[in-house]
Amino acid sequence: MAVRLKDIARDLGVSVVTVSKVLRGNKDIGEETRRRVLKRMKELNYQPNMLARGLASGKTYTVGLVVPDLVHPFFAEFAKSLSSVLRTSNRALILASSEEDPEMERQEIRTLLRRGIDVLLIASCQPSLRNFYELGDERTPYLLFDRNFPHLAAHFVGSNDVLVGEMATKHLIQSGKKRIAHIAGQNTSPAYDRLRGYRNALTEARLPAPEEYVIVCNRLEETGDVAGAKAMQQLLALPEPPDAVFCYNDLSAIGAINAALAAGLRVPEDIALIGCGNMRYNDYLKIPLSSIDHNTAELGRLAGEMALDLVNTPEQPPKSILVPPTLVARASTLGKQAS
């Protein structure tokens with residue numbers, strides 16, 4: 001016979017309500033009681049009937065996640081961290097990719113809403129956004145992450161991208177560089193904010209910011225290495241090329257470094273480069289890459305906690321959480337001293 005909640009409650013001398021709250025991940029259960037209940041569930045190999053729970057509660061115990069690119073390390077790590085939080089309340093994560101296509105994104109959102117997900121998380125590729133509810137169900141709460149729409153009253157979890165741009169550019173300035181360029185993203189809040197931070201830092205240091213030093217690229221999440229290489233070639237062809245580049249993400253920085261090396265330049269002596277994202281393999285590149293770490297795992301954890309909160313109390317005022325970034329300096333800006 002299948003193990004029931006009442007069996008676990010009877011064994012431990014607690015109420016069925018207490019066992020149910022542990023299963024749902026409620027916070028009003030003591031840690032010792034939670035530990036005992038989870039231990040007994042494991043001993044009895046208890047498998048909750050999610051379909052029955054869904055019919056009783058009106059919820060599907062699923063969360064939808066729409067990202068621009070499933071392969072990019074940032075979104076993969078975010079999804080992993082998010083999933084680990086959702087797992088504590090036995091919720092399943094359904095992933096979808098928009099492939100940076102606004103119409104495909106709308107289709108994926110409609111599909112997820114039709115499945116009756118409990119909450120939707122999305123890093124939107126829409127150039128502008130007023131309301132997700134025009135796409136379907138007005139009852140499903142949603143949460144924006146990574147990419148924000150400041151004029152939309154919505155919950156948001158992301159990086160302080162203005163600070164990302166300022167930190168990266170100031171680091172290049174502090175390393176002695178004077179002609180600093182930026183390989184920028186396009187039509188997203190992180191792109192706009194990192195560009196603003198870059199310009200803020202140059203203004204503060206009273207350094208020039210020529211328009212030709214900003215190369216705007218699209219689809220940097222998917223083909224950033226190719227775009228970064230092409231952008232670097234454009235910058236090196238200028239009458240007065242830069243001696244440093246802040247790149248929108250690590251992938252574009254890797255492409256830019258390859259182009260600089262192919263042109264016979266030394267990194268960082270002739271040109272220093274810094275990315276954003278702090279991908280796990282940055283230490284193992286031919287020239288280890290300096291980067292701004294926006295703490296992807298923490299973003300996923302916070303988004304997961306907010307999603308669970310929205311499931312329980314969907315009608316709450318929008319709130320925004322910005323995770324502070326940190327600088328990780330390596331050889332691409334420090335040279336041999338980083339070894």
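In this predicted model, the largest nonpolar core holds 44 residues, of which Ile183, Tyr198, Met232, Val245 and Leu273 touch the most other members. Helices and strands both contribute: α7, β6, α8 (189-204), β7, α9 (220-236), β8, α10 (250-262) and β9 each supply at least two residues of this core. Met232 shows how the contacts are distributed. Setting aside residues up to four places away in sequence, Met232 touches Ile183, Val245, Ala256, Ala259, Ala260, Ile271 and Leu273. Apart from this core lies another, of 25 residues, and among its members are Phe78, Leu82, Val157 and Met306. In soluble globular proteins, nonpolar side chains tend to be buried together.

Several of the strands named above belong to one sheet. Six strands make up this open sheet, ordered β7-β6-β8-β9-β10-β12, with mixed pairing. At its edges are β7 (214-216) and β12 (326-328), each of which pairs on one side only. Neighbouring strands are turned against each other by 20° on average, with direction ignored. Helix α7 (residues 161-174) packs on the sheet and touches β6 (180-184), β8 (244-247), β9 (272-276), β10 and β12. The direction of α7 makes about 160° with that of β8. Strands of a sheet pair through backbone hydrogen bonds, either parallel or antiparallel. The antiparallel sense is found between β10 (residues 290-293) and β12, which pair over three bridges. Within the sheet, Ile292 stands opposite Leu327 in β12.

Helix α9, one of the contributors to the largest core, also contains Leu220. Leu220 has a relative accessible area of 4% and is therefore buried, the cut-off being under 20%. Neighbours within four places in sequence left aside, Leu220 is in contact with Ala184, Gly185, Ala227, Tyr248, Asn249, Leu251 and Ser252. Val22 is a contrasting position: Leu220 and Val22 are 198 residues apart in sequence, and their C-alpha atoms are 42 Å apart in space. Tyr248, one of the contacts of Leu220, also takes part in an arrangement with a charged side chain. The charged end of Arg194 sits over the ring of Tyr248, 4.5 Å from the centre of that ring.

Another pair of strands is β1 and β2. Strand β1 (residues 62-67) is largely enclosed by the rest of the structure, because six of its six residues are buried. Thr62, Gly64 and Val66 point one way from β1, while Val63, Leu65 and Val67 point the other way, and all are buried. Strand β1 runs parallel to strand β2 (residues 92-97), and six bridges join the two. In this pairing, Val63 stands opposite Leu93 in β2.

The aromatic rings come next. A pair of aromatic rings is described by the distance of the centres and the angle of the planes. The count of aromatic pairs comes to four. In one of them, the rings of Phe74 and Phe78 have their centres 6.4 Å apart and their planes at 35°, so the pair is tilted. Both residues lie in helix α5 (residues 73-87), four residues apart, or about one turn of the helix. Phe74 and Phe78 are both buried, and Phe78 is also among the members of the core of 25 residues.

A second pair has another geometry. The ring centres of Phe75 and Phe145 are 6.3 Å apart and the planes stand at 75°, so this pair is edge-to-face. Phe75 and Phe145 link distant parts of the chain, with Phe75 in helix α5 and Phe145 in strand β4 (residues 142-145), 70 residues apart. Phe75 counts as buried because its relative accessible area is 2%, and Phe145 is buried as well, at 1% relative accessibility. Ring pairs join Phe74, Phe75, Phe78 and Phe145 into a cluster.

Some totals complete the picture. The protein has twelve helices and twelve strands. Its C-alpha atoms fill a box of roughly 80 × 45 × 30 Å along the principal axes. Of the 339 residues in the protein, 52% are buried. Among contacts with a separation of 6 or more, 70% are between residues 24 or more positions apart.

Terms used
Residues are numbered from 1 along each chain as its sequence is written. Side-chain values use heavy atoms; hydrogens and water are left out. Two strands pair if DSSP finds at least two bridges between them. Axes are lines fitted to C-alpha atoms, for helices over the stretch in contact, and angles run from 0 to 180 degrees between N-to-C directions. Contact means heavy atoms within 4.5 Å. A nonpolar core is a set of buried Ala, Val, Leu, Ile, Met, Phe, Trp, Tyr and Cys residues joined through side-chain atoms within 4.5 Å. Buried means under 20% relative accessible area, exposed over 50%, partly exposed in between (1.4 Å probe, protein chains only). Rings of Phe, Tyr and Trp (its six-membered ring) pair if their centres lie within 6.5 Å; planes under 30 degrees apart count as stacked, over 60 as edge-to-face and the rest as tilted. A charge sits over a ring if NZ of Lys or CZ of Arg is within 6 Å of the ring centre and within 35 degrees of the ring normal.
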